[in-house]
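Have a look at the fold below and let's walk through it together, one sheet at a time, with a stop at the ligand.

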Amino acid sequence: MDYQHFFDEAIARLKAEQRYRVFADLERDAVRFPVALWRPEGEADKPREVVIWCSNDYLTMGGHADVIKAVVHAAERHGAGAGGTRNISGTHHPIVELEAELADLHGKAAALAFTSGWISNLAAISTIAQLLPNCLILSDALNHNSMIEGVRRSSCEKALFNHNDMAHLEKLLKEAGPERAKLVVFESLYSMDGDIAPVREIVALAKKYNAMTYVDEVHAVGMYGPRGGGVCEREGVMADIDVVEGTLAKGFGTLGGYIAANANIIDAVRSYAPSFIFTTALPPTVAAGATAAVRHLKASGAERAKHQEMAALTKHALKAAGLPAMDNASHIVPLMVNNADLCKQASDLLLERHNIYIQPINYPTVAIGAERLRITPTPRHTQAHVADLVEALVDVWKTLNLPFVEAKVLPLRAVSATQLEAHCTYPEMKRAAE
Ligand SMILES: *Cc1c(COP(=O)(O)O)cnc(C)c1O
C-alpha cells in the first residue's frame, strides 16, 4: 500500500479549498513588541522587521518585566521542568501559589491548573458532566473546539442552543425539567466576532431552572473586571457561576489553563480527569510567570484601560477609512474579507509589501464565507502603528479590489472626548482615510 499517498491527498484537498495554512517564522521582541523579526521562507538569513497585529498576548504581559523576572528567578531556583505528573512528583510550590492566586481572582474556594486552556475545557467539562447522573449539557452553538471536545468526551446527552439566544436556552431548560441534572456551558466573550454573552441572563435562567453553569472566560481574564476576573466579575455575577475556566496564555501572557470553583468540584476533577492525572504538570517557570501576571493585573488597571483605548481607536480608524470592520463591544477587531483566497492574499500583501503581520482566519475557525483578518490591538500599539495599519489596509483593499463600505465614525465607547479629539486630528490617520 502506498501510505504516503493518503497524506499527500489530504494536504492537496486543503490546498484546493484554500484552507492550507502557512505559519510565519517570527521572532518576537520582548522589549520592542509589537515589532518582531520575520524570516521569509527560503530567506531565513534575511530577516525583516514587521509589526504584529494578531497576537493573543492581548496585554503583552508575556513581555512584562515582572513576569520575565519571575520566570528567570524560578528557572534559577527550581530548574526547567516540573519533574512529573502532579500525582507522581510534579506538584511544586509555584503551582500551588498560582492556584491560590487564581481561586482568589475568581472569588472561588479552589482552582486547578492544566497544561493548556484547551485541556482544561476537555478535562473539566467531561469530568463534571460524567459525575452528574444523566446530565444534559446545554451548549452554546458557537462554543470553542475545546468545549465541544469536552462535551463529546463526556458521552452525555447534549442540546445546542442558538448563539447567545436566551429564549432558546430557556426553552431547552424548561423541556429538560427541574429535576434533571443540567450543565450550561458557554463563553463570556466569543473570540472571532468579539461579542459578549448575556451572562446575567444566563445565570438567572440557570437559577430559575436549577442548572449548573460553566463559563469559558479565556478571552476576558486579565482584560475585563476591576481585578481582571473577566466579564462575570464586571457584570457582578462571579459568585453565581459554578465553574469558571480561563487560560494563562492570552491576557496573562504565558501558558496553561485552569478552572476555579468550589473545593469539592476541584477535588473531583483533580481525582477523576485522565487529562489531568496522566500528564506532566506545568513547570515552575511558567507557574511563577503566570502568578506574576495575575498579581500585576489584579492591582493595575492601566493595561486594561490602554488596551480598550487602542481597540476603540483601531476600530474607529478602520471605519473612518471605509474598511469593513465588524462592530462589537470588545477588544477584538474583525475585518471582514468573506473569501478564503482573498483573505490569504490580503494577509500575504500586508506582510510582503507593508511589513504587517495579520494571519488570515479561515474555515474551520470561522464559517466559509466569513473569512477575515482578526486584528488584536495591544497596549503597546501606538497611534502611529494604527495610522500605518490603516494606510496599508487601504492599499491592500485597492490592490485586491475588495469592497469598501461607507466611511463612518463610530461612537467610541471606551475613549474619552479628549482622546477622540486628539485621534481625529491625527494627520496621518486623516491622510489614510482620504
Ligand atoms: C484559545 C482558547 C482556548 C484554549 O486555550 P489555550 O490556553 O490556548 O489552550 C479555550 N477556549 C477558547 C474560547 C479559546 O479561544
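Start with Val 333, which stands opposite Ile 375 in S14. That pair belongs to a stretch where S11 and strand S14 (residues 372-375) run antiparallel to each other, joined over 4 bridges. Bear in mind that what you're looking at is a predicted model.

Now zoom out a little. S11 and S14 are part of an open, antiparallel sheet of 3 strands, ordered S11-S14-S13. Its edges are strand S11 (333-336) and strand S13 (360-361), each of which pairs on one side only. Helix H14 (residues 340-354) is draped across S13 and S14, and runs at about 50° to S14.

Next, move over to the other sheet. Here 7 strands line up as S4-S10-S9-S8-S7-S5-S6, again in an open sheet, but with mixed pairing. On the outside you'll find strand S4 (110-114) and strand S6 (157-161), the edge strands, each with a partner on one side only. From one strand to its neighbour in this sheet, the turn is 20° on average, ignoring direction.

At the S6 end, strand S5 (residues 136-140) and S6 pair in the parallel sense, over 5 bridges. If you want a landmark there, find Ile 137, which sits opposite Lys 158 in S6.

Two helices are worth picking out against this sheet. Helix H6 (residues 145-154) lies across S5, S6, strand S7 (182-187) and strand S8 (212-216), and its direction is about 160° from that of S7. Helix H10 (residues 263-272) packs on the sheet too, touching S4, S8, strand S9 (243-247) and strand S10 (257-261), and makes an angle of about 30° with S4.

So what surrounds the ligand? There are 14 residues around the ligand, and those that come nearest are Gly 117, Asp 216, His 219, Thr 247 and Lys 250. By type, the shell splits into 3 nonpolar, 8 polar and 3 charged residues. Helix H5 (residues 117-131) gives the most to this shell, with 3 residues.

Some of the polar contacts are easy to find on screen. Thr 247 has a polar side-chain atom 2.6 Å from an oxygen atom of the ligand. For Gly 117, a polar backbone atom is the one to look at, 2.8 Å from a ligand oxygen. His 144 puts a polar side-chain atom 3.5 Å from a nitrogen atom of the ligand. How much of the ligand does the protein bury? On its own the ligand exposes 380 Å², and the protein buries 85% of that.

Definitions and conventions
Residues are numbered from 1 along each chain as its sequence is written. This is a predicted model: local features need pLDDT of at least 70, side-chain atom pairs count only at pLDDT 80 or more; totals for chains, interfaces and linings use all residues. Side-chain values use heavy atoms; hydrogens and water are left out. Two strands pair if DSSP finds at least two bridges between them. Axes are lines fitted to C-alpha atoms, for helices over the stretch in contact, and angles run from 0 to 180 degrees between N-to-C directions. Contact means heavy atoms within 4.5 Å. A residue is near a molecule or strand if one of its heavy atoms lies within 4 Å of it. A polar contact is a pair of N or O atoms within 3.5 Å; within protein, one must be able to donate a hydrogen and the other to accept it, and residues adjacent in sequence count only if both atoms are side-chain atoms. Accessible areas come from the Shrake-Rupley method with a 1.4 Å probe; for residues, only the protein chains shown count as cover. Ala, Val, Leu, Ile, Met, Phe, Trp, Tyr, Cys and Pro count as nonpolar, Asp, Glu, Lys and Arg as charged, and the others, Gly among them, as polar.
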